[in-house]
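Student: Hi! I have a new model open on my screen and could use a hand reading it. Can we walk through it together?

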Amino acid sequence: MLHGHDRREPNGGLYAPTLQSLIHSSLERVKGYLSSADTSSADHKHHLSTADDRKREQARCDEYRHWFERDGGWAGEPGFGPSWRFTNASEGLDAVCDLMTPTRVDDEDDRDDKALSDQVDKWRAGLEGLRGNYAMDHKPEHLAAARNDEERIRRALLDYTNRERSSRDRLDRAVTAAVRLTRDQERSMLMTDEDRRALADLIDQGRSILREYGSSQFDDAYQPCSIDMQDDLTERLNRLVDGDPANVFDHCDRMLDQLDDVFERGKDGR
């Protein structure tokens, strides 16, 4: 019997059968929530994927900032003071917002290679300035600002690496499909000489990336590689392997002709 629960309680206390039943009902509710939220859908959106969502999140961050900076803020709430574990308002703001929305999107516009590369230049320039300021006066706020940048850079690198792994997997599968095509004489003979040369060149490029950077994150040689470059290579490989997208109509016609043959033969009794 758990301490603090009376044997005479209506449910007999939180003994094993009752606790198991509660856990089971809770799991069913969670499954229902996940199902209603369509979380299994491939196009399930991040909770801050829309402009309105990010606007509301920014408004909440602004309210916390007012409190930590003691500029207005919530009535009746104590101001930010030295008794807090944060050395400055920025640290407190980041910690509180992480607790509220730990997967928030800080740099939604920095998800493509060009934008993220530009952001890297900005971070590097800003850090050089902070480094120089700290060397002159050793004020803790410079270190705090650098720690904030450190967390943003860490998130950006983690996000990019996670997305890059999927890109690497798509490229690996595209190269494999292209190699199979070259070994299929019947299919490869339908290609033009120009397409065959282009396909061989793209296979070499794909293999070079997979060899140099690793085919997956489980390889010892794995390291991130440009997503844009890999996705472009994958798209070009798939176009050559799959052929003209309009061929889908011809494929459908051929299969329908086969079905017609089945039905016609059935009518004749042969």
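Tutor: Happy to. This is a predicted model, and a good place to begin is T234, which lies in helix 8.

Student: Is T234 buried or exposed?

Tutor: T234 is buried, because its relative accessible area is 6%, and the cut-off for buried is under 20%.

Student: And what is T234 in contact with, leaving aside its neighbours within four places in sequence?

Tutor: With those neighbours left aside, T234 is in contact with R170, L171 and A174.

Student: Which other residues of helix 8 are buried?

Tutor: Along with T234, the buried set in helix 8 holds I227, Q230, L233, L237, L240 and V241. Viewed down the helix axis, the buried residues fall within an arc of 165°, so they line one face of helix 8.

Student: What does that buried set pack against?

Tutor: The buried residues of helix 8 pack against helix 4 (113-137), helix 5 (140-183), helix 6 (185-188) and helix 7 (193-213).

Student: How many residues does helix 8 have, and what is its reach?

Tutor: Helix 8 has 16 residues, running 227-242. From first C-alpha to last it reaches 22 Å, close to the 22 Å expected at 1.5 Å a residue.

Student: What do we see at the ends of helix 8?

Tutor: At the start, a side-chain oxygen of S226 comes to within 3.1 Å of the backbone nitrogen of M229. Just after the helix, G243 has a positive phi of about 80°.

Student: OK, let's zoom out. How many helices and strands are in the protein chain?

Tutor: The protein chain has 9 helices and 0 strands. Of its 270 residues, 25% count as buried.

Student: What about contacts between residues far along the sequence?

Tutor: Take the contacts between residues at least 6 apart in sequence: 59% of them join residues at least 24 apart.

Student: Where do the nonpolar residues gather? How many are in the largest core?

Tutor: The largest nonpolar core has 18 residues, and V175, L199, I203 and L237 have the most contacts inside it. Helix 5, helix 7 and helix 8 are the elements that give two or more residues to this core. The largest share, 7 residues, comes from helix 5. As background, nonpolar side chains in soluble globular proteins tend to be buried together.

Student: Tell me about L199, then. What is it in contact with?

Tutor: Setting aside neighbours within four places in sequence, L199 is in contact with A178, L181, T182, M191, L237, L240 and V241. Apart from the largest core lies another core, of 5 residues, among them L116, W123, Y160 and I227.

Student: L199 is one of the buried residues of helix 7, right? Which are the others?

Tutor: Besides L199, the buried residues of helix 7 are L202, I203, G206, I209 and L210. Seen down the axis they fall within an arc of 125°, so they line one face of helix 7. What covers them includes helix 5 and helix 8.

Student: And which residues are exposed on the other side of helix 7?

Tutor: On that other side, E194, R197 and R211 are exposed.

Student: Does anything come just after helix 7? What is the phi of G214?

Tutor: G214, just after helix 7, takes a positive phi of about 95°.

Student: Which residue other than glycine has a positive phi?

Tutor: H138 is one, with phi near 55°. H138 sits in the loop between helix 4 and helix 5, and H138 is exposed, with a relative accessible area of 51%. For context, most residues other than glycine have a negative phi.

Student: Changing topic: how many disulfides are there?

Tutor: A search of the whole structure finds 0 disulfides. As for cysteines, C225 is buried at 5% relative accessible area, while C252 counts as partly exposed at 36%.

Student: Last one, about R152. Where is it, and how far is its C-alpha from that of W123?

Tutor: R152 is in helix 5 and counts as partly exposed, at 31% relative accessibility. R152 and W123 are 29 residues apart along the chain, and their C-alpha atoms are separated by 9.4 Å.

Key
Residues are numbered from 1 along each chain as its sequence is written. This is a predicted model: local features need pLDDT of at least 70, side-chain atom pairs count only at pLDDT 80 or more; totals for chains, interfaces and linings use all residues. Side-chain values use heavy atoms; hydrogens and water are left out. Helices (H or I, at least four residues) and strands (E, at least two) are DSSP runs, numbered from the N terminus. The expected span of a helix is 1.5 Å times one less than its number of residues. Buried means under 20% relative accessible area, exposed over 50%, partly exposed in between (1.4 Å probe, protein chains only). The arc is that of the directions from the helix axis to the C-beta atoms. Contact means heavy atoms within 4.5 Å. A polar contact is a pair of N or O atoms within 3.5 Å; within protein, one must be able to donate a hydrogen and the other to accept it, and residues adjacent in sequence count only if both atoms are side-chain atoms. A nonpolar core is a set of buried Ala, Val, Leu, Ile, Met, Phe, Trp, Tyr and Cys residues joined through side-chain atoms within 4.5 Å. A disulfide is a pair of cysteine sulfur atoms within 2.5 Å.
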